[in-house]
Amino acid sequence: MTRMWGIDPTLLCDQHLLGEHTEMHQEAGTIENHPHGTAIVEGHAERQQVDTSLIQRRHDELAAELRRRGMNHDSPLDYEDDLDLGSIDTAANRDDLMERCDECRRRIEAADASDAERGPD
């Protein structure tokens, strides 16, 4: 399943960080190269799994986090959105990640605890 998690990349475990990065390339490639690319992406957009207007920005955020973690990033993306399809439900994605991945849950809980210690803005 192709999905944009859309949450702060620092909260993603390495596996989900790398996976979402790969999926940004897959989405852009599907849109640009597949004969039924728009229809395929529309299905993901309808399920709030992708927002085509955010693909480039999200890729760049993920690539920056990959580099920050000392991982190689040598797959630039040059995508201009002409579809403007979809949206992502970051709150639902955050909850889903916490249910399915112990490492993501640990990162999210640590960030939540840190935010609580800082108090309201």
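User: Which cut-offs decide whether two helices count as parallel, antiparallel, perpendicular or oblique?

Analyst: Angles under 35 degrees count as roughly parallel, over 145 as roughly antiparallel, 65 to 115 as roughly perpendicular and the rest as oblique. This is a predicted model, in which local features need pLDDT of at least 70 and side-chain atom pairs count only at pLDDT 80 or more, while totals for chains, interfaces and linings use all residues. Residues are numbered from 1 along each chain as its sequence is written, and side-chain values use heavy atoms, with hydrogens and water left out.

User: At what angle do the axes of α4 and α5 cross?

Analyst: Axes are lines fitted to C-alpha atoms, for helices over the stretch in contact, with angles from 0 to 180 degrees between N-to-C directions; helices are DSSP runs (H or I, at least four residues), numbered from the N terminus. Here the axes of α4 (residues 90-100) and α5 cross at roughly 125° and come within 6 Å, and the two helices are therefore oblique to each other.

User: Which residues of α4 and α5 meet?

Analyst: Contact means heavy atoms within 4.5 Å. On the α4 side are Arg 94, Leu 97, Met 98 and Arg 100, which meet Asp 102, Cys 104, Arg 105, Ile 108, Glu 109 and Asp 112 of α5.

User: How far does α5 reach, and what follows α5?

Analyst: The expected span of a helix is 1.5 Å times one less than its number of residues. With 17 residues (102-118), α5 reaches 24 Å from its first C-alpha to its last, close to the 24 Å expected, and α5 is followed by Gly 119, whose phi is positive, near 85°.

User: How do α1 and α2 cross?

Analyst: The axes of α1 (residues 14-33) and α2 (residues 37-46) come within 7 Å and cross at roughly 140°, which makes α1 oblique to α2.
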